[in-house]
Amino acid sequence: MLVNKKLIRKNVISLSSSVHSREHVSVIVPVFNDNVGLNATLEALDRQTFPCENFEVIVVDNNSEVRVEVSQVFRFRLRILHERKPGSYAARNKGIACCSGSILVFTDADCEPAPDWLENGVSCLQKAGEQSLVGGRVELFLPSSCSSSFASVYSMYAGFNQQSNIENKGYIATANLFCFRSTAEKVGMFETRLLSGGDSEWSWRAAKLGCALVYAEGVLVRHPCRTTLNSLVIQARRVAGGRAQLALIGTNVDRSVVATNHVIGPSLFSILQSLYETKELSVAHKFQVLVVGALVKLATVREKLLLKLGGRAERR
């Protein structure tokens with residue numbers, strides 16, 4: 001079973017006639033051991049053009065080893081909850097259960113939404129209609145505290161592409177997702193047995209119920225790229241674990257959808273093609289980036305083998 005193209009809107013929604021919403025919005029942000037990233041996200045949310053009295057932010061601490069600390073007082077209403085069950089999807093479910101908004105918005109604790117993110121996202125969702133999910137653009141950037149490395153260059157080339165996720169794989173990453181609360185209630189909670197890939201499974205469930213997936217170019221969050229080989233390997237292990245779990249837990253989604261659409265990153269060939277086309281890197285640098293890609297793919301294969309032998313999935 002392939003992605004149902006009828007339920008995917010490829011055209012970017014126009015933002016020329018923005019709808020000024022008075023809907024109450026709940027922004028749900030899971031966090032695990034990342035106070036620096038969380039505060040960057042909260043500071044970006046404090047700069048929103050959307051009226052601060054019309055949205056709340058629900059931070060859900062996923063049993064961090066360090067206490068969640070907020071650096072300042074914000075204009076919007078902020079609630080900090082705690083979820084002991086491991087996994088960001090369990091944390092998001094806690095936020096859904098405790099929030100008050102008629103519109104639910106999801107992002108991550110290391111993302112930095114653009115100032116017009118909520119205004120544009122809510123406008124797009126209202127135009128798309130209740131039976132829709134809106135996914136905005138996720139732009140990778142190199143953190144100012146880090147120097148460029150082969151790992152970061154690889155991450156920029158191979159990082160996830162929200163538009164491609166929606167149009168080719170039929171899912172919206174929860175780094176930048178908008179939906180009506182009524183739609184979320186019909187779809188149900190995120191699958192908490194998954195430590196990765198829960199946004200894929202949830203989106204496929206929504207599509208199965210007739211929801212359209214809409215990509216919105218002007219609804220932007222910025223996400224720091226991975227800067228070390230170790231962080232890339234951890235990410236590859238986590239994604240591989242999520243795919244293995246998806247294949248085993250027996251969700252409402254057909255197994256063929258999982259096999260066809262939940263691809264673990266771009267192929268080495270597509271990375272090679274992208275590197276070939278760029279003129280910003282020397283041949284030596286391109287080769288080194290390709291080596292990083294090969295090591296990441298090797299880590300993916302190794303993780304799949306370990307999981308088949310009874311190993312535990314990576315949660316970070």
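The exercises below, each with a worked solution, concern a predicted model of one protein chain.

Residues are numbered from 1 along each chain as its sequence is written. Because the model is predicted, local features need pLDDT of at least 70 and side-chain atom pairs count only at pLDDT 80 or more, while totals for chains, interfaces and linings use all residues, and side-chain values use heavy atoms, with hydrogens and water left out.

**Exercise 1.** Determine how many helices and strands the protein chain has, and what percentage of its residues is buried.

*Solution.* Begin with the secondary structure, where helices (H or I, at least four residues) and strands (E, at least two) are DSSP runs numbered from the N terminus; the protein chain has 11 helices and 9 strands. Next comes burial, which is defined as under 20% relative accessible area, with exposed set at over 50% and partly exposed in between (1.4 Å probe, protein chains only). Of the 316 residues of the protein chain, 52% are buried.

**Exercise 2.** Establish whether helix α3 is largely enclosed or open, and describe its span.

*Solution.* Helix α3 covers residues 117-128, and its 12 residues reach 16 Å from the first C-alpha to the last, close to the 16 Å expected at 1.5 Å a residue, where the expected span is 1.5 Å times one less than the number of residues. Then turn to burial: 9 of the 12 residues of α3 are buried, so the helix is largely enclosed by the rest of the structure. Among these buried residues are W117, N120, G121 and C124. Just after α3, G129 takes a positive phi of about 105°.

**Exercise 3.** Find which residues V219 contacts, leaving aside neighbours within four places in sequence.

*Solution.* First locate V219, which lies in strand β9 (residues 212-224) and counts as buried at 0% relative accessibility. With contact meaning heavy atoms within 4.5 Å, V219 is in contact with W117, N120, G121, C124, G136, R137, N176 and F178. For C124, a residue of α3, the C-alpha atom is separated from that of V219 by 8.4 Å, although the two residues are 95 apart along the chain.

**Exercise 4.** Decide whether D108 is buried or exposed, and list its contacts.

*Solution.* D108 is found in the loop between β5 (103-106) and β6 (112-113). At 18% relative accessibility, D108 counts as buried. Once residues up to four places away in sequence are set aside, D108 touches V29, P30, T41, R92, T174 and A175.
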